[in-house]
Structure formats: structure tokens, C-alpha cells
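Please look through the sequence and the model below before reading on. The paragraphs that follow go from backbone details to the ligand, and then to the aromatic rings.

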Amino acid sequence: MSDTPTQNERVKCLIIGSGPAGYTAAIYAARANLSPVLYEGIQPGGQLTTTTDIENFPGYPDGVSGTQLMEDCRKQAERFGTDIRMGTATAADLSSAPYKITIEGHKVIEADTLIISTGATAKYLGIPDETKYAGMGVSACATCDGFFYRKKVVAVVGGGDTACEEAIYLAGLAKQVYMIVRKPYLRASKVMQERVMNTPNITILFEHNTIGLYGEGGVEGAHLVKRMGEKDETRVDIAIDGFFLAIGHHPNSTIFKDYLETDEVGYIKTIGNTPKTSIPGVFAAGDVADPIYRQAITAAGSGCKAAIEAERYLAEMGEMLPPQ
Ligand code: NDP
């Protein structure tokens, strides 16, 4: 098949995204002879490649690094013949089958079945200083950027499992870690809370919100407000070298929103306990469709379901699809 920009390519099963959902879908689809093509997206391996050890994925009694786990999944998908390609889906036309997905703005893939496993992306607070200091002290990935803050002082925003995990990871590198938590308690699981509490160089600033950052040519500190909106509201500045966001993620569903129903946040709605969307032959798996569990293992499970459903759909529609 030619790779010229003007010629469309037709595939039986197109998978977008390379996290646990995408790779698991690829393993099942390849073993079912669907000859899947998988586009990796902006972050090959997905969110797990930005985390540290995974201790809750079954089969790894001693834990496994996120990068290793995804590398193993990739190899397993390749072993059964998945065509794994670099590239990001930039537009979608799901008005009729075959579904048309544009890659990097020019190459169009026509897919008889589509598995959307595009995951979710880190959220930012939305304050202008995050943009001002992007790459100069502001980060949403401790494992990617923590190395630059050895023996320095950093802050992590958020009180969930991600924030705790990032804070603990950074505490192993940095001199001092502040956790900036807007509520008077952590939302994280008990085990993560205990680990944070038992890490001597983590200080939790409960009931604090960030309103700005300051520094010449890079972050040197953060402007915080304690008990914002209350009578005893007070302003506090902390001197920091790095500012890490860990306040959750938003689903990567934008290019599909004209065709697929989403919830108010943007998570793709699926039918019942299946990865089926409102469009036959289009499936959504993993974090892009999961506002509740958002775990590697649940993403992998839904990727498996999506591939099985794609196979069934193709078997049922086989006679009706135009010849390849
Ligand atoms: P969560 O949604 O669980 O937590 C987000 C945190 O950020 C909350 O403390 C929230 O505060 C805070 N927050 C959100 N918006 C703002 C804002 N604008 N300003 C200040 N603070 C804000 O996201 P996580 O990424 O932590 O976790 C997502 C899911 O992944 C969870 O189900 C979690 O359990 C799971 N996870 C599991 C891990 C593991 O098992 N090893 C590791 C990481 C994640 P508030 O509480 O006030 O809303």
C-alpha cells in the first residue's frame, strides 16, 4: 500500500492509542486475524510511562515500572502481527462506515472498525503563570522532570493518588516537597496517605490554593491563599524551584465529539457494560470512556472487550462491507 498523502488506506481494525487499552485491544484483534493497525499517539505507552512503579497490576508480585509494563504489552501486540505506527489522529469522520481517521493532518485511514483508546491528559489549574513558566519549573509529570529537582524544593498540587505518588517520588530526589491540597483532607487511598504521612520531607499544606507563581527566568516560588473565600483567608508565599500539577486528567475525545455522546467532562459514553458506542463498529476503551475506575487493569479489560466486539461486528457485517 502506498503511503502517499492523497491515497487513503483501508483497514479492518484501527486502534488509536497505545496505553493498556490500546495494546490489549491490539493483542486480541491480532490474534483474531483482524490485522489491526495501531497509532501510538502523542505519548507512546500512554500515561503509565509517566508513572513510577505499578504495584497493583496482577502478575507482578514485586511491582513493575510503568515503562516496562507498556514495553512488554507493545512487544506482545507486535508478536501477533499488530502494525504499530507512530502518529496521532487529528480528525475523524464517523458519519458512515468505513470510518475515516486523519493522521497528522494528511493521511486518511478508512477503518471498518475503530477502537478509540486515546486515554486522558493531565489537567492544569488554568492560571496564566502555568503557561508563562511552562518548561521553566512547571510540570505535570514528576517521573519525566523530577530529575531536574534533585536536592531542591518542589510543590505538588492535588490530594489524590496521583499527587501522593508524585510527592513520594519527588521526595526521593528533592530536599523538600510541599503538597498543596485545597481541601482539609486527602482524597487518596489510605495506603498512599500513610506513605505520604511517613515521608519526613513531605509537608502537606491543607486548604491552600495556588493563585500565581513568581521568579526571574524560572519558578522561584508560589503565591498561595489559605482558606480562600473564608473570613480568616490568608496569603502565603512559598519558595520553590518546581511546581508539579497532579489534579487529574481530561479525556482525549475532542475529535470524536461531533459524532459520539460524551458526559459533561468529555468521557465517551458506552452502552451498558460494553465498549460499544452509539455508532456500530466504533468502540471506546480505557480512560477515554471511564470516569470511574481509570486503572491500567480496567483499561486493559475494556480493550479486550473492544477487540472481541470488533471481531463480532465484522463477522456479522462481513457480507455487507464493501470489498477491501
Ligand atoms: P483524582 O481526581 O482522584 O484527584 C485529583 C486531586 O486534585 C483531588 O485532590 C482534587 O481535589 C485536586 N484538584 C482537582 N482540581 C483542582 C484544582 N483546580 N485546584 C486544586 N486541586 C484540584 O485524580 P488522580 O489523578 O489522583 O487519580 C485518578 C484515578 O486514578 C483515581 O481513581 C486514583 O485512585 C487512580 N490512581 C491510582 C494509582 C495507584 O493505584 N497506584 C496512582 C494514581 C492514580 P478535591 O479532592 O478537592 O476534588
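Arg-227 lies in the loop between strand E15 (221–226) and strand E16 (234–239), and in this predicted model its phi is near 50°, a positive value in a residue other than glycine. Most residues other than glycine have a negative phi, and most peptide bonds are trans. With a relative accessible area of 28%, Arg-227 is partly exposed, because partly exposed covers the range between under 20%, which is buried, and over 50%, which is exposed.

A second positive phi, of about 50°, belongs to Glu-104, which is not a glycine either. Glu-104 is found in the loop between E7 and strand E8 (107–116), and its relative accessibility of 45% makes this residue count as partly exposed. The loop that comes between strand E6 (89–93) and strand E7 (99–103) holds Pro-98, and here the backbone has another feature to look for, since the peptide bond from Ala-97 to Pro-98 is cis, with omega near -5°.

The chain as a whole can be read in two parts, for the protein is divided into domain 1, made of 7–121 together with 249–317, and domain 2, which covers 124–245. Taken over C-alpha atoms, the centres of domain 1 and domain 2 are separated by 32 Å. Where does the ligand lie with respect to domain 1 and domain 2? Both domains give residues to the shell around the ligand, so the ligand lies between them.

That shell consists of 17 residues, of which the closest are Gly-159, Asp-161, Thr-162, Arg-182 and Arg-187. Sorted by character, the residues of the shell divide into 3 nonpolar, 8 polar and 6 charged, and helix H5 (residues 161–171) supplies the largest share, with 3 residues. Several contacts reach oxygen atoms of the ligand, and they can be followed one by one. From the backbone, an N or O atom of Gly-159 lies 2.8 Å from an oxygen atom of the ligand, while from a side chain, a polar atom of Thr-162 lies 2.6 Å from an oxygen atom of the ligand. Lys-183 also takes part, with an N or O atom in its side chain 2.9 Å from an oxygen atom of the ligand. As for how far the ligand is covered, it exposes 910 Å² when taken alone, and the protein buries 78% of that.

The last topic is the aromatic side chains, of which the structure holds 3 pairs. A pair of aromatic rings is described by the distance of the centres and the angle of the planes. For Phe-147 and Phe-148 the ring centres are 6.1 Å apart and the planes stand at 80°, so the pair is edge-to-face; the cut-off for that description is an angle over 60 degrees. Phe-148 itself is exposed, with a relative accessible area of 54%.

Tyr-149 and Phe-244 form another edge-to-face pair, with 5.4 Å from centre to centre and 80° between the planes. This pair links distant parts of the chain, 95 residues apart, since Tyr-149 sits in the loop between helix H4 (142–145) and strand E11 (153–157), whereas Phe-244 belongs to strand E17 (residues 242–245). Are these two residues, Tyr-149 and Phe-244, buried or exposed? Tyr-149 counts as buried at 10% relative accessibility, and Phe-244 is buried as well, with a relative accessible area of 0%.

How values were computed
Residues are numbered from 1 along each chain as its sequence is written. This is a predicted model: local features need pLDDT of at least 70, side-chain atom pairs count only at pLDDT 80 or more; totals for chains, interfaces and linings use all residues. Side-chain values use heavy atoms; hydrogens and water are left out. Helices (H or I, at least four residues) and strands (E, at least two) are DSSP runs, numbered from the N terminus. Buried means under 20% relative accessible area, exposed over 50%, partly exposed in between (1.4 Å probe, protein chains only). A residue is near a molecule or strand if one of its heavy atoms lies within 4 Å of it. A polar contact is a pair of N or O atoms within 3.5 Å; within protein, one must be able to donate a hydrogen and the other to accept it, and residues adjacent in sequence count only if both atoms are side-chain atoms. Accessible areas come from the Shrake-Rupley method with a 1.4 Å probe; for residues, only the protein chains shown count as cover. Ala, Val, Leu, Ile, Met, Phe, Trp, Tyr, Cys and Pro count as nonpolar, Asp, Glu, Lys and Arg as charged, and the others, Gly among them, as polar. Domain bounds come from an automatic or database domain assignment. Rings of Phe, Tyr and Trp (its six-membered ring) pair if their centres lie within 6.5 Å; planes under 30 degrees apart count as stacked, over 60 as edge-to-face and the rest as tilted.
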